[in-house]
Amino acid sequence: MSGGATPMMEQYFALKREAGDCLLFYRMGDFFELFFDDARQASQVLDIALTSRGEHAGAPIPMCGVPVHAAEGYLARLIKAGCRVAIAEQVETPEQAKARGGYKALVKRDIIRFVTAGTLTEEALLEPRRANMLAAVCEVRGTVGIAACDISTGRMELEECAPERLGAALARLGASEVVAPDDWADAPGDSITRPRTAFASDEGEAALKRLHGVGTLDGFGSFTRAMLAAAGGLLAYLDHVGRGTMPFLLPPVARSGDERLAMDEATRASLEILASQQGGRAGSLIAAIDRCVTGAGARQLAEDLSAPLTDAGAITARLALVQYFCEDPLLRADLREVLRGAPDIGRALGRIVAGRGSPRDLGQVRDGLSEARNIGDHLGRRSGRPALLDGLLPSLGGHGALTDLLSRALVPTPPTERSQGGFIAEGYDHALDELRRVSGNARRAIAALEAKYRDETGIAALKIKHNGVLGYFIEVPAKHGDRLMTPDSGFTHRQTMAGAVRFNSLQLHEEASRIAEAGGHAIAAEEAHFDELVGEVVKAREAIAATAAALARIDVGAGQAERAAEGGWCRPEMAADRCLDIRGGRHPVVEAALGTVGDRFVANDCRLQPNDRLWLIGGPNMGGKSTFLRQNALIVLLAHAGGYVPAQSAKIGLVDRLFSRVGASDNLARGRSTFMVEMVETAAILAQATERSFVILDEVGRGTSTYDGLALAWAVVEAVHETNRCRCLFATHYHELSRLAETCDSLSLHHVRAREWKGELVLLHELATGPADRSYGLAVARLAGVPPLVVQRAKSVLERLEKSRAETGGLAAGLGDLPLFAAAQELEEEARDALRERLETLDIDALSPREALDLLYELKRLAASTPD
């Protein structure tokens, strides 16, 4: 590589143009090499040496590389860092290149695959307990279509939503990668853009029909044009990254937004469902409740928590399954022990169908299907099974012929690599057995030949060895080399080393040829059998996927039962009315954290009903208000996901939407302050919450001035009470809001208890009825370590402020006669209507100057009587 563009550089640049913004892994021998900016970026991410190779345009070419055999580990780190990688492999051998273009011909290379975050199937690149979703989104006539899939298991679903709900839908899916049209101004940030022509509904429909070999999609469900357009974009992207090889995809499932408990992005982040606010799994809800023993079960649990149900029948079916395993601890323990050893057949199947499977994957399918049949037989013999389990049992069997074939064909523990053979069991193919016998006999003959040559030459150190360059050869120490160099020795010199000399012989050549020929035929025979076995698995792919899904659901049910037994959780009762009656409720994450240090969590009741649906909760910081709010939201979520809940008892009226505005932080990327984030989240709640929703609001209005904050909090409470009319827990430090209990008939006052004992604050974490007597802010400050002089000064200022409040009526002075939210709206509308009606009656052209002046005074009086 020097001077102008060499043939190799021309090939590299052509491939790099094709790779676009992806890093290009360029295969050279046993390494994948990266050049120029790709090398600079990869060397930083991977922390490997950046070197140079030759020159281009008069400057050294930056270069780094990774070994082919270890490429998966490096790919995993690059993908995690947000990179996308194009793999350029040699698509012909050096011998084929020479035959094609002579001695100096360059070996052909081509991009065989793009490795991206959403298109991973390799076991080393995937997290076992997390689904890996790829989503495509587009807008069609004001509606957004979403197509999502996990190609590691084949799951595919289509849905549509309003543009303003796209963020919530993507947050639920947790997609690793999002694809969108290149001309869509409102495309999600960080999405991969593709040509708009790929997002055509007719092409999406045709592509789905081709993929599944059907003439109509009616058997799969009803799909809108927006859904099909998104599906077209998704399938086109998969075809692009797979270079024409499509991954495993099951028939698409149409999802309706009404089937799932709706939660926006802010709510998911606030409740820390799948990840804590620190970004990891630790400290999240799923970390506190996941007792699944399989990766597939953990992925199913994550999906259940991300998309809880709203159908009472489906929720009850899941709860019945959990109860069944709860009531039989011996069955649960035995079942979990069997599941713990079962392989992840869903992901093994995904690799096999995508053409990236190995003998080990076939072995996993074999073993997984065998375990599924055993589990099905065991459960089938038991009585009192719930309906959901009865529905799963048929999917656990029906693979007898395939399991028998794989059992006969494969060795007990197949290898990951198939290039060296050794994975087809003895007795499956007699011709293959004979080839192995010939090869084995030849190896024994070589061992006998080594002993014979030692005796004949008298050289005890003589050995017959093998390497990839020379094949089989005879090696003796250098001091004995001359003895074998004589013309009549029967040995032919091949190589002289520093301390040894290597030879060949006619007999050795014949035995080596026999081994090579038999070995080559044996590997070819095993490769043919591998393709046959893969074909049989591919034919049964949908049934195998159903088995994997059934095992995952059983694992989730048993795991939920295990968690319930550990913590003394209860089965929630799902009701049709708008109640929320939780006795002895606890926060699952906080309780688990306290348990690790030996502390006890203080349980509390929450009893919302139509005539008492808004609780206004006061009390000191650190008293447990936010924990109480979150624990009730999490109990609602867990119940709708079909699991037991951390409480003594729970009766929960079905919820359509769950909102949480607890805590806020700056969103600098969008130019939003903490207060702006708080207001945006609050606005979303006021606009979207229905009478069937459950809302938790914490410290609304705290991010601005005291008067503005109180005014906003007051108005928000009234709006939730009068307009949204939903079940709501509202925590606040504004004691003045307690006056709303006088005018809001479905609002009640509560507080978290605290006491001062000998100058120290004692937080009881108990919820009591009635308003808080004081805020205990100075006591909390003292507890937090604020210097005593500062606390003493604050106490002096507080005394002055409280004296002034007593004299003037405080912040809430004058609010007693304020009309309610709905009444205020009517008054404002009446005032605006009076002004509008007067203006509409005017005949401006007929006014005299004096009349016009009088009219201006009249209009001014009307405007002054209109509230701001």
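In this predicted model, Leu853, Leu856 and Tyr857 make up a nonpolar patch on the surface, and their accessible area together is about 330 Å². Leu853 belongs to helix H28, which covers residues 849–864. The relative accessibility of Leu853 is 39%, so the residue counts as partly exposed.

The sheets can be taken in turn, starting with the one that contains S13. This open sheet has four strands in the order S13-S14-S16-S15, and the pairing is antiparallel. Its edges are strand S13 (463–467) and strand S15 (492–496), each of which pairs on one side only. On average, and with direction ignored, neighbouring strands of this sheet are turned by 40 degrees against each other. S15 and strand S16 (residues 500–504) run antiparallel and are joined by four bridges. Within this pair of strands, Thr496 is placed opposite Val501 of S16. Two helices pack on the sheet. Helix H17 (residues 430–457) touches S13 and strand S14 (471–477), and the direction of H17 makes about 140 degrees with that of S13. Helix H19 (residues 506–539) touches S13, S14 and S16, with its direction at about 145 degrees to that of S14.

A second open sheet is built from six strands in the order S11-S10-S7-S8-S9-S12, with mixed pairing. Strand S11 (192–194) and strand S12 (253–254) each have a single partner strand, so one side of each is left without a neighbour in the sheet. At the S12 edge, strand S9 (residues 155–161) pairs with S12 in the parallel sense over two bridges. Leu158 stands opposite Ala254, which is in S12. Helix H5 (residues 166–173) packs on this sheet and touches strand S7 (134–140), strand S8 (143–150), S9 and strand S10 (177–181). The direction of H5 makes about 165 degrees with that of S9.

Strand S5 (residues 85–90) has partners in S1 and S6. With strand S1 (residues 23–28), S5 pairs in the parallel sense over four bridges. Strand S6 (residues 109–115) runs antiparallel to S5 and is joined to S5 by six bridges. Ala86 of S5 stands opposite Leu24, and Ala86 also stands opposite Phe114 in S6. Five of the six residues of S5 are buried, so the strand is largely enclosed by the rest of the structure.

Outside the strands, Ala57 is found in the loop between strand S3 (51–56) and strand S4 (59–67). Because its relative accessibility is 69%, Ala57 counts as exposed. Ala57 is 418 residues from Glu475 in sequence, and the distance between the two C-alpha atoms is 49 Å.

Charged pairs are the remaining topic. Side chains of opposite charge can pair when their charged atoms come close. The structure contains 51 salt bridges. One of them links the side chains of Arg553 and Asp304, with an N to O distance of 2.7 Å. Arg553 is in helix H20 (residues 541–567) and Asp304 is in helix H10 (residues 295–306), so this pair ties together parts that lie 249 residues apart in sequence. What is the accessibility of the two partners, buried or exposed? Arg553 is buried, at a relative accessible area of 12%, and Asp304 is buried as well, at 3%.

Helix H20 also carries a salt bridge between the side chains of Arg563 and Glu566, at 3.8 Å from N to O. These two residues are three apart in the helix, which means that about one helical turn separates them. Arg563 is buried with a relative accessible area of 6%, whereas Glu566 is partly exposed with 46%.

A further salt bridge is formed by the side chains of Arg586 and Glu591, at 3.1 Å from N to O. Arg586 counts as buried at 10% relative accessibility, while Glu591, with a relative accessible area of 22%, is partly exposed. The cut-off for buried is under 20%. Elsewhere, salt bridges that share partners connect Arg155, Glu157, Glu159, Arg172, Arg255 and Glu303 in one network.

Definitions and conventions. Residues are numbered from 1 along each chain as its sequence is written. This is a predicted model: local features need pLDDT of at least 70, side-chain atom pairs count only at pLDDT 80 or more; totals for chains, interfaces and linings use all residues. Side-chain values use heavy atoms; hydrogens and water are left out. Patches are made of residues with over 30% relative accessible area and no salt bridge: like charges are joined within 9 Å, nonpolar side chains (Val, Leu, Ile, Met, Phe, Trp, Tyr) within 5 Å. Accessible areas come from the Shrake-Rupley method with a 1.4 Å probe; for residues, only the protein chains shown count as cover. A salt bridge is a side-chain nitrogen of Lys or Arg within 4 Å of a carboxyl oxygen of Asp or Glu. Buried means under 20% relative accessible area, exposed over 50%, partly exposed in between (1.4 Å probe, protein chains only). Two strands pair if DSSP finds at least two bridges between them. Axes are lines fitted to C-alpha atoms, for helices over the stretch in contact, and angles run from 0 to 180 degrees between N-to-C directions. Contact means heavy atoms within 4.5 Å.
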